[in-house]
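Here's a quick walk through a protein chain and the RNA strand that goes with it. Have the model open and follow along.

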Amino acid sequence: MRYSKALIPTLKEVPADATMPSHKLLLRGGFIRRVAAGIYEYLPLGWRVLRRVAEVVREEMDRAGAQEILMPAVLPAELWRETGRWDTFGPQLLRMKDRKGAEYCVGPTHEEVVTDLARREIRSYRELPRNLYQIQTKFRDEPRPRAGLIRGREFVMKDAYSFDADEEKAKLSYRAMVVAYARIFARLGFDFRVVEADSGAMGGTSSHEFQILCDAGEDAIVACESCSYAANVEAALGERVDGEPSVTRTSIPQPVAVDTPGKHTIEDVSAFLGVPSRDLIKTLIYVWGDQSVAVLVRGDDDVNEVKLARAVGAGEVFLAADAEVQRLTGAPVGFAGPVGLRARILADRHVADVRDGVTGANQADRHLRHVLPGRDFQAEFLDLRAVRSGDACPRCQKPLRVFHGIEAGHTFVLGTHYSNKMKATFLGEDGQSRPLVMGCYGIGVSRLVAAAIEQHNDEKGMRWPVPIAPYTVELLAIGADPAIGVRTDGIYHALQSAGIDTLYDEREERPGVKFMDADLLGLPFRVVVGKKGNAGGWAEFRRRGETQDQQVPFEQLEAFLRREIAVANAATHAAAAEAEQSVLKRLGL
RNA sequence: CGGGGCGUAGCGCAGCCUGGUUAGCGCACCAGACUGGGGGUCUGGGAGUCGGUGGUUCAAAUCCACUCGCCCCGACCA
């Protein structure tokens, strides 16, 4: 592509509403433009990247035996009523009516539609298994779209659905998808982790998230630094290894109340009384339905709400509102404590190790010192704490770390949840009618474009991995001498016919402008022809992110670039093969 | 939905508190000249319903009310 003919509106200044690197750079590089909250246009470069990401996804899905289809974006309400989701999906579902008043929605996901397709077209076990996928624009009316392409309302997603005759076979379909996903993310050049997810309300037996590691990620995941263990923080296991209580003596004075005016956080109290936070006992009031419970953890720990919900047999638990805390403890938030509290009390088992603790006194501005669990209060001791960085890995005992991740893919075994509701059945070998056993598998394709930048950028701009770069080579003509233009024209045509995607910057711009734009766009390979090189018979080659130029004679340039690309492609495929092996080992499949 | 903030040229902003020439500045854009290896210099130019509606006033970008949109934090969420 000739730069002077392209629509690449780069920006020097960052639009004020972008905060994340990927969002800023996509805007600055002229890859996307915002049309409405969470809705974007893909300009030529952004669209090229999206297509390349989609192409890798396609190749691996096809390789895994899935077949691409395209379902409608606008879906009739009646299908959603069959599963009840027309009512339960909530305001995220963008609804509308046609001229006759019939109701529709813009598809946020396609279980209903694909299940409808399957029940009409799949009748016999002989037609199983099947895996159908699409790459399509979806819409979810998010309460708060943010971060550009990472959390838009309109986004491009690859969603696949598998249909099997029984659970056993569904597992095989699931496994094939997990392998395909590992290969996809590896080929796209991501540092990612496969994490166990809380399978939650979907009713599934198995669920994994594919998390792309980066500080700006919205999800917290726990991963081992030496083995492949990784899990969503909600589902994570880990043993605390540090920070035993500072007091170990056995004779502890009776509790005594002290004034702690306005000190209602752990840090405040710890600093005010000069007691390390690990000797404090944090008391939190949780509610669900019409029930409530006091939950104790050590001052340096947090509550894992998923563990808590499981322990009390609730679907979900919530921190009590301030008024509720006041009613139950008789004190404002920040001064609750277990001593003398009339409530069900659950405690993380590490609380039992505290010998000389500090707790709230259930009075405003007062705390109790010298609290001894078991003597001064009774509680049910359970595992309730959230895993922290530094805990020991449940598999290998090495330290765990908390990472932030962007959820890029999610795999579920759905079982017969949808097929039961929608009566999607097939005839088995024995002539019996049975519900199809389903799985569903999503990849946020447009989100991946942004995620790639989150992992590959520097202060100058983006750094595209070869497999998804909008162009592979940026060719710069530097200098006003017409002879240089003649030379670069020739190189451009040669690269074109060699099938090397080249962005040819032949604009009448000053060198600085061209170099800055080239760094911003971040194509993997840069080829520069200037006055000296043109006279001397060589071009300058540089990989994005490196600082050294290499002189390459004009006649060798094409072969040189081919080799660079071949090396990158080989590395990509090696990474895919390695990811495949490691995910299989990881899941014990 | 709770908290905070912002809407003035394509982008980034000033002006608003304390109402009063023709609404400014930088970047970008157009024309010309010089320049030509890391966002260069100069000259000249085009571009604005000051988010919208209503009100107060002799007079509103500026004050008031309502409203729409957007961003950030939280809640929620694949």
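## The chain from outside

What we have here is a predicted model. Start with the surface: chain A exposes about 26500 Å² of accessible area, and carbon and sulfur atoms own 50% of that. Its C-alpha atoms fit in a box of roughly 90 × 70 × 50 Å along the principal axes.

On the charge side, chain A carries 77 positive and 82 negative charges. Take the mean position of each set, and the two points are 2 Å apart.

## What's inside

Going by secondary structure, chain A has 15 helices and 31 strands. Of its 589 residues, 51% are buried.

How much of the contact map links residues 24 or more positions apart? Among contacts in chain A with a separation of 6 or more, such pairs make up 69%.

## Around the RNA

Now to RNA strand B, which has 38 residues around it. The closest ones are Arg144, Arg151, Glu407, Arg510 and Asp519. If you look at which RNA atoms come within 4 Å of the protein, sugar and phosphate account for 42% of them.

Some acidic side chains sit at polar-contact distance from base nitrogens. Glutamate 540 has a polar side-chain atom 2.6 Å from a base nitrogen of RNA strand B, and for glutamate 142 an N or O atom of the side chain is 2.7 Å from one. Aspartate 517 also puts a polar side-chain atom by a base nitrogen of the strand, at 3.4 Å. As for elements, those giving two or more residues to the surface near RNA strand B are strand 21 (400–415), helix 13 (511–521), strand 29 (525–529) and strand 30 (538–543).

## Helix 13 and Asp519

Which element gives the largest share of the surface near RNA strand B? That's helix 13, with seven residues.

Aspartate 519 belongs to helix 13, and it's also one of the residues closest to RNA strand B. Is aspartate 519 buried or exposed? Its relative accessible area is 12%, so aspartate 519 counts as buried, the cut-off being under 20% with protein chains only taken into account.

Who are its partners? Setting aside neighbours within four places in sequence, aspartate 519 is in contact with Lys460, Gly461 and Met462, and also with Arg526 and Arg544.

Notes
Residues are numbered from 1 along each chain as its sequence is written. Chains are lettered from A and ligands numbered from 1 in the order in which they are written. This is a predicted model: local features need pLDDT of at least 70, side-chain atom pairs count only at pLDDT 80 or more; totals for chains, interfaces and linings use all residues. Side-chain values use heavy atoms; hydrogens and water are left out. Helices (H or I, at least four residues) and strands (E, at least two) are DSSP runs, numbered from the N terminus. Buried means under 20% relative accessible area, exposed over 50%, partly exposed in between (1.4 Å probe, protein chains only). Contact means heavy atoms within 4.5 Å. Accessible areas come from the Shrake-Rupley method with a 1.4 Å probe; for residues, only the protein chains shown count as cover. Lys and Arg count as positive and Asp and Glu as negative; His and the chain ends are not counted. The place of a charge is taken as NZ of Lys, CZ of Arg, CG of Asp or CD of Glu. A residue is near a molecule or strand if one of its heavy atoms lies within 4 Å of it. A polar contact is a pair of N or O atoms within 3.5 Å; within protein, one must be able to donate a hydrogen and the other to accept it, and residues adjacent in sequence count only if both atoms are side-chain atoms.
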